[in-house]
Amino acid sequence: MTEDLIPASPTATRLARYTPTDQNEILGDGADPFGVADAGLTWLPKEDHFGIRLEGRLVAHAGLLRLPLSIGGLDREVVGVGGVAVASDLRGRGLARLVVAAAVDHARTMGPQHGLLFCRPALVPLYQRLGWQPVPQDVQVEQPEGPVVMPLRTMWTPLRSGVNWPAGEVRLRSFPM
């Protein structure tokens with residue numbers, strides 16, 4: 001797909017479903033499409049999916065999942081953003097910004113005050129440009145063998161005006177998304 005075939009304003013839409021075949025359409029069928037297999041984590045599937053199609057091809061995706069979390073011992077919920085993917089031949093053209101923005105817009109309707117995601121350190125600058133901020137402390141996540149410290153970078157974004165990240169120990173009370 002060449003640059004001149006990309007519409008000036010591609011749009012992200014909610015997907016009725018998102019399957020492994022859809023993921024392969026974006027990322028190929030490699031063994032570690034997100035580059036996080038060495039973290040050795042068990043991940044949850046997302047429940048809500050957003051994507052961008054160009055000429056019938058799915059080229060970008062972001063998923064959402066509502067999750068239990070405790071911060072400073074207080075229980076709350078967050079909307080986890082995960083499975084963010086852009087086809088390698090179309091990176092650098094703003095598609096991640098569009099699909100993540102569509103997902104976050106929907107997350108704002110789900111109730112929780114915070115969005116949360118995990119990413120490789122190399123992607124922190126991208127998410128910061130999209131308005132996400134690093135969580136200042138380690139985050140524990142559940143795994144089959146019990147809680148572990150998340151080895152990837154944890155980032156958050158407010159889903160309501162005036163919301164800040166609370167102080168205190170952070171524990172995701174589920175597998176990560």
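**Notebook: strand S5 and its surroundings**

I started with strand S5, residues 114-119, and found it mostly covered, with six of its six residues buried. Note to self: this is a predicted model.

Next I looked up which way the S5 side chains go. His114, Leu116 and Phe118 point one way, while Gly115, Leu117 and Cys119 point the other way, and all are buried. That fits the textbook picture, since side chains in a regular strand alternate between the two faces of the sheet.

**Neighbours of S5**

Which strand runs parallel to S5? I found that strand S4 (residues 74-86) does, joined to S5 by two bridges. I looked up Gly80 too, and its bridge partner in S5 is Leu116. To get from S4 to S5 the chain goes through helix H2 (residues 95-107), and this β-α-β crossover is right-handed.

Then I checked strand S9 (residues 153-158), which runs antiparallel to S5 and is joined to it by six bridges. Here I noted that His114 stands opposite Pro158 in S9.

**The largest pocket**

I pulled up the largest pocket and got a volume of about 1000 Å³. Its lining has 44 residues, and those nearest the centre are Phe34, Gly83, Val84, Ala85 and Tyr127. I went through the elements that give two or more residues to this lining: helix H1 (20-27), S4, H2, S5 and helix H3 (124-129). S4 gives the largest share, with six residues.

What is the lining made of, by nonpolar, polar and charged residues? I got 27 nonpolar, ten polar and seven charged.

**The largest nonpolar core**

I moved on to the largest nonpolar core, which has 34 residues. Leu64, Tyr127 and Trp132 touch the most other members. I noted that at least two residues each come from strand S2 (48-54), strand S3 (57-71), S4, H2, S5 and H3. H2 gives the most to this core, with eight residues. Tyr127 turns up twice in my notes: it is among the residues nearest the pocket centre, and it is one of the core residues with the most contacts to other members.

**An odd phi at Glu55**

Last stop was Glu55, which I found in the loop between S2 and S3. Its phi is near 50 degrees, a positive value in a residue other than glycine. I flagged this because most residues other than glycine have a negative phi.

Is Glu55 buried or exposed? I have it down as exposed, because its relative accessibility is 58% and the cut-off for exposed is over 50%.

How values were computed: Residues are numbered from 1 along each chain as its sequence is written. This is a predicted model: local features need pLDDT of at least 70, side-chain atom pairs count only at pLDDT 80 or more; totals for chains, interfaces and linings use all residues. Side-chain values use heavy atoms; hydrogens and water are left out. Buried means under 20% relative accessible area, exposed over 50%, partly exposed in between (1.4 Å probe, protein chains only). Helices (H or I, at least four residues) and strands (E, at least two) are DSSP runs, numbered from the N terminus. Two strands pair if DSSP finds at least two bridges between them. A crossover is right-handed if, with the strands pointing away from the viewer, the path from the first strand over the helix to the second runs clockwise. On a 1 Å grid over the protein atoms alone, a cavity is a set of points where a 1.4 Å probe fits but cannot get out, and a pocket is an open set with protein on both sides within 12 Å along at least five of seven lines; lining residues have an atom within 4 Å of a point. Grid points are joined across faces, edges and corners, and a volume is the space filled by probe spheres set on the points. Ala, Val, Leu, Ile, Met, Phe, Trp, Tyr, Cys and Pro count as nonpolar, Asp, Glu, Lys and Arg as charged, and the others, Gly among them, as polar. A nonpolar core is a set of buried Ala, Val, Leu, Ile, Met, Phe, Trp, Tyr and Cys residues joined through side-chain atoms within 4.5 Å.
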